[in-house]
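Here is a short report on one protein chain. Keep the sequence and the 3D view open while you read.

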Amino acid sequence: DRKDFAVKIVDPRTDLLDPSTLDNVKHRFSREAQNGMRLSHQNIVAYTDLGKYQEHPFLVMELADQSLAAQIETSPLTVDQARLVIPACAAGLKYLHDMGCVHRDVKPHNILRFGVRYVLGDLGIVRWSDMNPAFTSAGTITRASVQLGSWYYMAHEQRVAPHEATAASDI
C-alpha cells in the first residue's frame, strides 16, 4: 500500500529575502520541524521526518487531498461539510492549546482535508510552548515588527501585538 508525502524545504529566493535574515528563517523552520514531530493528534498535520539537503532544512509531512481554501473555491461548503470541519479544527486547536501552543494562522489555506478528515496544517508561525527547554523563548525568534498571521483572518489583538496572541486569538 503506497503512501504519498509532502516535502517542505527552506530554499528562499535571495532576491526576496534579506541575506541577514536567512539564518533566522532557517532556525524558525527547524524549530517548526522539531516541535511538529512531537505533536500527535488526528486533527494536526503529521510531520514524519526532517533533515537537511545541501544546507537547506526540510520536513516531510502527510500529503493532503486539498486545502479547505481549494475546496471552497470549487463550491461553497454545505452545512454537513461544515459540521465536519469546525469540530475537527476546534479539536486540533484544543490539543495545541493544551500543549501551551498558539497556532496564529488559522485560515482555509491551513486547514487540510484527508478524505473526510480535516486537520490544521502549516505550523510555521506557531508560538510553541516550552515542550523542549531549548525553545522556551517560543516564537520570539521572529522580529517584533513582522506580521505573524494572515491579516484578514487574524483577531484584532493579534494585529496589534502578534507576539501576544493567545489561544483566544486562534478561536
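Which residue in β6 is the bridge partner of leucine 112? The partner is valine 119. Keep in mind that this is a predicted model.

## Overall fold

The protein chain has 5 helices and 6 strands. Along the sequence they run β-α-β-β-β-α-α-β-β-α-α.

The chain holds 171 residues, and 41% of them count as buried. Take the contacts between residues at least 6 apart in sequence: 64% of these join residues at least 24 apart. The accessible surface is about 9700 Å². Carbon and sulfur atoms account for 54% of that surface.

## The β4-β5-β6 sheet

Three strands form an open sheet in the order β4-β5-β6, and the pairing is antiparallel. Strands β4 and β6 are the edges, each pairing on one side only.

Strand β5 covers residues 111–114, and strand β6 covers residues 117–120. They pair over 4 bridges in the antiparallel sense. Leucine 112 is matched with valine 119. Isoleucine 111 has leucine 120 as its bridge partner in β6.

## The hairpin turn

How many residues sit between the strands in the hairpin of β5 and β6? There are 2 residues. Glycine 115 in this hairpin takes a positive phi near 65 degrees.

Valine 116 is found in the loop between β5 and β6. This residue counts as exposed because its relative accessibility is 68%, and the cut-off for exposed is over 50%. Glutamine 81 is 35 residues away from valine 116 in sequence. In space, their C-alpha atoms are 8.8 Å apart.

## Serine 67 on an edge strand

Serine 67 belongs to strand β4, residues 66–67. Strand β4 is one of the edge strands of the sheet. Is serine 67 buried or exposed? Serine 67 is buried, because its relative accessible area of 15% falls under the 20% cut-off.

The side chain of serine 67 reaches the backbone nitrogen of alanine 70 at 3.0 Å. Leaving aside residues up to four places away in sequence, serine 67 touches Pro108, His109, Ile111 and Leu112. Two residues named there, Ile111 and Leu112, also have bridge partners in β6.

## Salt bridges across the chain

Side chains of opposite charge can pair when their charged atoms come close. The whole structure contains 7 salt bridges.

Lysine 8 pairs with glutamate 32, and their closest N and O atoms are 3.2 Å apart. This pair links distant parts of the chain. Lysine 8 is in strand β1, whereas glutamate 32 is in helix α1 (residues 22–38), 24 residues apart. Lysine 8 is partly exposed, with a relative accessible area of 26%. Glutamate 32 is buried, at 2%. Lys8, Glu32 and Asp122 are linked in a network of salt bridges.

Arginine 117 and glutamate 62 also meet through their side chains, at 3.0 Å from N to O. Arginine 117 lies in strand β6 and glutamate 62 in strand β3 (residues 56–62), so this salt bridge ties together parts that are 55 residues apart in sequence. Arginine 117 is partly exposed, with 27% relative accessibility. Glutamate 62 is buried, with 12%.

## A salt bridge within one helix

Where do lysine 94 and aspartate 98 lie? Both are in helix α3, residues 79–98. They are 4 residues apart, about one turn of the helix. Their salt bridge has its closest N and O atoms 2.7 Å apart. Both residues are exposed.

## A nonpolar surface patch

Which residues make the nonpolar surface patch of about 310 Å²? They are Val7, Ile9 and Tyr53.

Valine 7 lies in strand β1, residues 5–9. Valine 7 is exposed because its relative accessible area, 56%, is over the 50% cut-off. Lysine 8 is in strand β1 too, but lysine 8 is partly exposed.

Notes: Residues are numbered from 1 along each chain as its sequence is written. This is a predicted model: local features need pLDDT of at least 70, side-chain atom pairs count only at pLDDT 80 or more; totals for chains, interfaces and linings use all residues. Side-chain values use heavy atoms; hydrogens and water are left out. Buried means under 20% relative accessible area, exposed over 50%, partly exposed in between (1.4 Å probe, protein chains only). A polar contact is a pair of N or O atoms within 3.5 Å; within protein, one must be able to donate a hydrogen and the other to accept it, and residues adjacent in sequence count only if both atoms are side-chain atoms. Contact means heavy atoms within 4.5 Å. Accessible areas come from the Shrake-Rupley method with a 1.4 Å probe; for residues, only the protein chains shown count as cover. Two strands pair if DSSP finds at least two bridges between them. Patches are made of residues with over 30% relative accessible area and no salt bridge: like charges are joined within 9 Å, nonpolar side chains (Val, Leu, Ile, Met, Phe, Trp, Tyr) within 5 Å. A salt bridge is a side-chain nitrogen of Lys or Arg within 4 Å of a carboxyl oxygen of Asp or Glu.
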